[in-house]
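Take a walk through this model, from its confidence scores to its sheets, domains and contacts. Keep the structure in view as you read.

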Amino acid sequence: MTATSVEALPAVTEVRRPSRRLAAPLWVTALLLILTFLVIYPLLMLVFGAVSDSNPVIDGFGKFNPSLTHFIAVLGNENVRLAFFNALMACGGGTILAVVIGLAFSWIVVRTNTPFKGFIAGASMIPLFVPPLVAGVAWSILGSPKTGLLNTALKWMGIDFRFDFYSMSGLILVFGFYYAPYVYMFTASALRNMDPSLEEASEVSGASAFTTIFTVTFPLIAPAILAGSLLSFVVMLGIYGVPAALGAPANISVLTTYIFKLTAWSPPLYNTAAAVAILLMFVTAILVWAQQRVLSGRSFATVAGKAFRPRSLNLGPWRWFTFSLALVYLFVVVVLPTIALVIAAFRRFLFFKDFDAVFDMKAYSWVHFNSIFDNPLTMMSIWNTMKVGFITAVIGGLLAFAIGYTINRTHVAGRKSIDLLSTIPVAIPGLVVGVAYLWAWIGLPGGLYGTIWILALAFVARFIPDTVKALSTSFMQIHKELEEAAWVCGRGLLGTIWTIMLPLARPGIVASMTLLFVLAVRELGSSLFLYTSDTTVMAVLLLDYYEGGNIGKTAAFSLVQTVILVVLLGFTTWLSRGAAEGAGRAG
Amino acid sequence: MSSALLIEDLVKRFATGKAAVDGVNFDVPAGEIVVLLGPSGCGKTTTLRCVAGLEHPTAGRISIGGRVVSEPERGVLVSPRERDIGMVFQSYAVWPHMTVHQNVAYPLKHRRNGGGDISAKVRDTLELVGLGDYAERSVTSLSGGQMQRVALARSLVYRPQLLLLDEPLSNLDAKLRVRLRDELRRILKQTGMTGLYVTHDQSEAVVLGDRIGVMREGKLLQMAPPAEIYNRPADSFVANFTGASNVLLGKVLERKGEHATIDLGAAGRIEAWTPQQLSPGDKARVALRAENVRLGERGPANAFSGRVIERRYQGMQTVYDVEFGGQRLEVLELGTAARHTTDGEIALTLPPDQCWAYRDEGQTAAD
């Protein structure tokens, strides 16, 4: 009996091996090729552009005169240096403000008995969803030195002080206010995971609450503070919308706006733009690397596997003070800008004789909305945006699933390279992706350039790290043994993925795809270089309106975009909730 | 010499549910160590945290060294830092961003009258807990036992009036726990510290406590020296919690002072000690420890004959399930040799002094 089974076994494996042996390398090669196509090829073309002086549109790629002198000349250029230092200053100042706000909020929400904490925690994340250009537009309506609504109000109140958001300090303020949630996310979770007895020990030792915060609490969450501030710095560095709206009127260029200026030149300076883009990418990559180092370092504050009773400090009457701080923040980042957009969108003219004129109902009408919808570009841009978003979500979602599964659930050779390639875009700002894709496709006749596919592929490349990460998290929650059980039951690998992984990971997949959709709808930086008149998307058209100088249309279209985003977010939340419940029933 | 702790009618009610601490009274004379013992959720840690000032009591009075530190009825609430107490936490709570020396020096730096020669005090205290050579180490490089010593040194260095210890050994592995337990007793007695110690571990309670208070559902059931808790439990829960796992159900026939006769039905009568005012006819439960049953012996009182149903050899000891007259007992025999077998009748004696009778209050009292 044993003899027969020993003889039978090799025969079976002999039959199955050849196909098995080929399948894995083929699969890995395919994924690597796709990632090379999406990420590596455009980056190589970007480097090629930076070190040559040939114009891809006129010369094609035939004339290639590589020379570092061009790249070095760009770095030595006065304007580039100015844009670089402006960027460091705006983002550095913004980060400091974001840390102050983020830390204060996480402390208020996690460590005090401030009323309506849940509401404050939820509402303080709203700025993350506001497209940067919309925020920039709103603040230019509020804080432009001459006609800004805030200044009109100050004048009416007889106060001599005037705001000027068309300035470096304006940039810093808006950056700090809108990107504080990045710091908050890190510090709040660090505070939550911190053993409260570390603080209690300090109090029992005789230290005051104030001393405790500065000698125990903040030092302990220092890694989280650093990680959060590096992240917010990197995000600000890659933002185009805010400096375009607030910096441009005062002639303040940062790296992102300078790069775009170069390509909008006539003739376009594509080579210089590529060189500056590489500079921007280099700074971003260093910061992202530093942030990952901080995060992977041993965290002080957390003790694994222990649940703590949240410790909340009784502030007494002061809790209404912290509550009003939170309200002021929400007023400044959400309510004021919304009011500004609504007023600007519905008023025929954004000029106020005096403050009472604000309430003059005759001055309000739908005229700006009518005029933007009379423009055929508007509907086309909305339709294009939806198409691009859909393509991005489907392709990006499927690709991320394939990559995530291969990295997390298989042991095929080459999965480390897949992991690496799919992580690279983390360090590439959207604007740089745009320039790289421009270089990759503009010179190829009949290629992707000029279609909506180039936008979608650029978005897929840009957001693949986030999507893979989100999906990997949902893979990790599915125990390996669930799959192994299916294999033991006789299912093949694909059958197992289809019957076990897909149904169980469905909430994660739906969530990642909807996230991709929303990100694609919001994206401005990479679209700037890739759209043509037929493939305009909403974010680009909004910039057009703004630069055209018509505040009423700009505000109206900002509101249209915001409403579309809110509806989408609501719909996707509902969708992922539904998916989660569906999976709950299936499991 | 440190001073005393006095707790009167302490009540702590959280926002939801019933009182976590429900009318607790006890005192800790200067230099004594009192251990609060009980299962999780019994209110022992809440009591300790009320003494520390980390929880705010709902009612009652807490005095440390003759000074009232908490009395909600009169609006008195002294903050933890003003109470002159030391506290050792279950999770050690040593600060990972400081060295051993910085951890221990911290209270001296932040107390009003902490000053003096800080480094000399730190050195002496580290010497006391056996960490003299570790002063400049980072605490994250220490083992769990060493971290707990740092925590202890940090709470002793300023010689507080009262030391609070919240399950300080429960995160350590078994061997280390026993060693540190004995050492903790030495250190506390050497410094003459008044201590309040909270644990769910009986062996810690017995070794460390001058007196043990057993708590359950927010109430203090018995406060007595260890030997009394073990030999004269005041309550069927205390008896059960400290290991008297055998329960015989019956009816009281008569009671003379602290002795009662209980009718066990088919099994016959049993003499038992009782702390309660039992009257003839009351339902009663008799508790006794498995190791106090004398198997194979026929003594002068409470002698029965039964059968061994099952024998479980456990190496260092053997456990027998014995049945007599419809009642079941677990009997424990120490030693590596099992002397009894499962066949035939066997004599057993339940020494009257080690059988404790309590009023039967239904199933709730038994768990």
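What follows goes from overall confidence to chain B, and then to one helix of chain A.

This is a predicted model. Its scores are ipTM 0.81 and pTM 0.81. Chain B has an average pLDDT of 89, and 96% of its residues score at least 70. Where pLDDT is low, predicted coordinates should not be read in detail.

Start with the sheet in chain B. Five strands make an open sheet, ordered β2-β1-β4-β5-β6, with antiparallel pairing. The edges belong to β2 (21-28) and β6 (76-77) of chain B; each has a single partner strand, so one side of each is left without a neighbour in the sheet. Inside the sheet, look at β1 (residues 5-12) and β4 (residues 59-64) of chain B. Five bridges join this antiparallel pair. One residue to find here is B:L6, whose bridge partner in β4(B) is B:S63. A helix also packs on the sheet: α1 (residues 44-52) of chain B. Helix α1 of chain B touches β1, β2, β4 and β5 (67-71) of chain B, and its direction makes about 115° with that of β1(B).

Now step back to the domains. Chain B is assigned domain 1 (5-231) and domain 2 (236-365). Their C-alpha centres lie 38 Å apart. How many residues of each domain are in contact with the other? Seven residues of domain 1 of chain B contact four residues of domain 2 of chain B. On the domain 1 side, β10 (211-216), β11 (219-224) and α7 (226-231) of chain B each give two or more residues. That side divides into four nonpolar residues, two polar and one charged.

Next comes the interface between the chains. Here 19 residues of chain B are in contact with 17 residues of chain A. Which elements of chain B supply at least two residues each to the side that touches chain A? They are β7 (85-88) and α2 (100-110) of chain B. The chain B side of this interface holds eleven nonpolar, five polar and three charged residues.

Finish in chain A, at helix α23 (residues 538-548). Is this helix of chain A mostly covered or mostly uncovered? Helix α23 of chain A is mostly covered, with eight of its eleven residues buried. The buried run begins with A:M538, A:A539, A:V540, A:L541, A:L542 and A:L543. The other buried residues of α23(A) are A:Y545 and A:Y546. Just after α23(A) comes A:G549, which takes a positive phi of about 90°.

Conventions: Residues numbered from 1 in each chain as written. Chains lettered and ligands numbered in written order. Predicted model: local features only at pLDDT ≥ 70, side-chain atom pairs only at ≥ 80, totals over all residues. Contact = placed C-beta atoms within 7 Å. Helix = DSSP H or I, 4+ residues; strand = E, 2+ residues; numbered from the N terminus. Nonpolar A, V, L, I, M, F, W, Y, C, P; charged D, E, K, R; others polar. Domains from an automatic or database assignment. pLDDT = per-residue confidence, 0-100. Pairing = 2+ DSSP bridges. Axes fitted to C-alpha atoms, helices over the stretch in contact; angles between N-to-C directions. Buried ≥ 20, exposed ≤ 12 C-beta atoms within 10 Å, placed from the backbone.
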